[in-house]
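Trainee: I have a chain open on the screen and would like a close look at one part of it. Please take me through the packing around its helices and strands, step by step.

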Amino acid sequence: MTIRTAQPEVIDGKAVQSLVEAHAIRSAVVLGQPGGWAVLVRYGALERAVAAQRARTPRLWRNLATAAAFVRDELGVTRFEVDAQAHAPDAARRRPDQAARMKHKHEAAEHDAWFRAEVEKSLARADSGEAEWFPHETVITKLDARIARLNKRTGR
């Protein structure tokens, strides 16, 4: 039995699919981890963990059955090892990357809603005739004058 102490190197899903199509995967190991199960694939003289999407960390399955189904159905390996030595089923599975991504997604959605509302207000003002229109040349002239005043003030 092999004792694994270090985090294994990873291989992304597309590379794994290419190896599967080329019938290059020799075997697989479902490896117990704190909070889930990782899958190691063996090809040639190498052993790599299947990576999570958009990450350079091993993908974790919550339970053994789903990890085994991945090995059997996606990799086409029907005989594989299960190493449960480091498995800790009660370990909290943290996803700080996911929390940050969701926070950013919510902020982006709020900004998008605000921006769309502002555009709607502006379009309504333009349609009602309430908006004041300026020729492009006038805007550029006013902008150049403002920049010159700022530069003079700051000594540039």
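Mentor: We start with the whole chain and then go to the packing around strand 2. This is a predicted model.

First, the layout. The chain has four helices and five strands. From the N terminus, the order is β-α-β-β-β-α-β-α-α. The radius of gyration is 28 Å, while the globule rule gives 15 Å for 156 residues, so the chain is more spread out than a compact globule. Along its principal axes, the C-alpha trace spans about 80 × 40 × 35 Å. Buried residues make up 22% of the 156 residues. Take the contacts with a separation of 6 or more: 57% of them join residues 24 or more positions apart. The exposed surface is about 11900 Å², and carbon and sulfur atoms supply 54% of that area. The charges are 26 positive and 20 negative, and their mean positions are 5 Å apart.

Now helix 1, residues 13–21. Its buried residues are Val-16, Leu-19 and Val-20. Seen down the axis, they fall within an arc of 100°, so they line one face of the helix. The spacing follows a general rule. An α-helix has 3.6 residues a turn, so residues three or four places apart point the same way. The face turned away from the buried side carries Lys-14 and Glu-21, both exposed. What do the buried residues of helix 1 pack against? Their partners are strand 1 (10–11), strand 2, strand 3, strand 4 and helix 2.

Next, the loop after helix 1. His-23 is found there, between helix 1 and strand 2 (25–33). His-23 has a phi near 55°, which is positive in a residue other than glycine. Most residues other than glycine have a negative phi. His-23 is also exposed: its relative accessibility is 72%, and the cut-off for exposed is over 50%.

Move into strand 2. Ser-27 is found in this strand. Ser-27 counts as buried because its relative accessible area is 17%, under the 20% limit. Leave out residues up to four places away in sequence, and Ser-27 touches Leu-40, Val-41, Arg-42 and Val-77.

Gln-33 belongs to strand 2 as well. Its relative accessibility is 16%, so Gln-33 counts as buried. Beyond its neighbours within four places in sequence, Gln-33 is in contact with Gln-7, Ala-38, Leu-60, Ala-86, His-87 and Ala-88.

One of those partners, His-87, deserves its own stop. His-87 is found in the loop between strand 5 (81–83) and helix 3 (96–128). Is His-87 buried, exposed or partly exposed? The relative accessible area of His-87 is 23%, so it is partly exposed. Its contacts, leaving aside neighbours within four places in sequence, are Gly-32, Gln-33, Gly-36 and Trp-37. Look also along the chain from this loop. His-87 and Lys-103 are 16 residues apart in sequence, and their C-alpha atoms are separated by 30 Å.

Now strand 3, residues 36–43. Tyr-43 lies in this strand. Tyr-43 is buried, with a relative accessible area of 14%. Not counting residues up to four places away in sequence, Tyr-43 touches Ile-11, Leu-19, Ala-24, Ile-25, Arg-26 and Arg-48. Leu-19 in that list is also one of the buried residues of helix 1. Tyr-43 and Ala-15 are 28 residues apart in sequence, but C-alpha to C-alpha they are 11 Å apart.

Last comes helix 2, residues 64–74. The buried residues of helix 2 are Ala-67, Ala-68, Phe-70 and Val-71. They cover an arc of only 155° around the axis, which puts them on the same side of helix 2. On the other side, Ala-65 and Asp-73 are exposed. Which elements cover the buried residues of helix 2? The cover includes strand 2, strand 3 and strand 4 (46–50).

Put the two helices together. Strand 2, strand 3 and strand 4 are among the elements that the buried residues of helix 1 pack against. These strands are also part of the cover over the buried residues of helix 2. Helix 2 itself is on the list of partners for helix 1.

Note on methods: Residues numbered from 1 in each chain as written. Predicted model: local features only at pLDDT ≥ 70, side-chain atom pairs only at ≥ 80, totals over all residues. Heavy atoms only, no water. Helix = DSSP H or I, 4+ residues; strand = E, 2+ residues; numbered from the N terminus. Rg over C-alpha atoms; globule rule 2.2 N^0.38 Å. Buried < 20%, exposed > 50% of the residue type's maximum accessible area, 1.4 Å probe, protein only. Contact = heavy atoms within 4.5 Å. Areas by Shrake-Rupley, 256 points an atom, 1.4 Å probe, with all protein chains shown as cover. Lys, Arg positive; Asp, Glu negative; His and termini not counted. Charge placed at Lys NZ, Arg CZ, Asp CG, Glu CD. Arc of directions from axis to C-beta.
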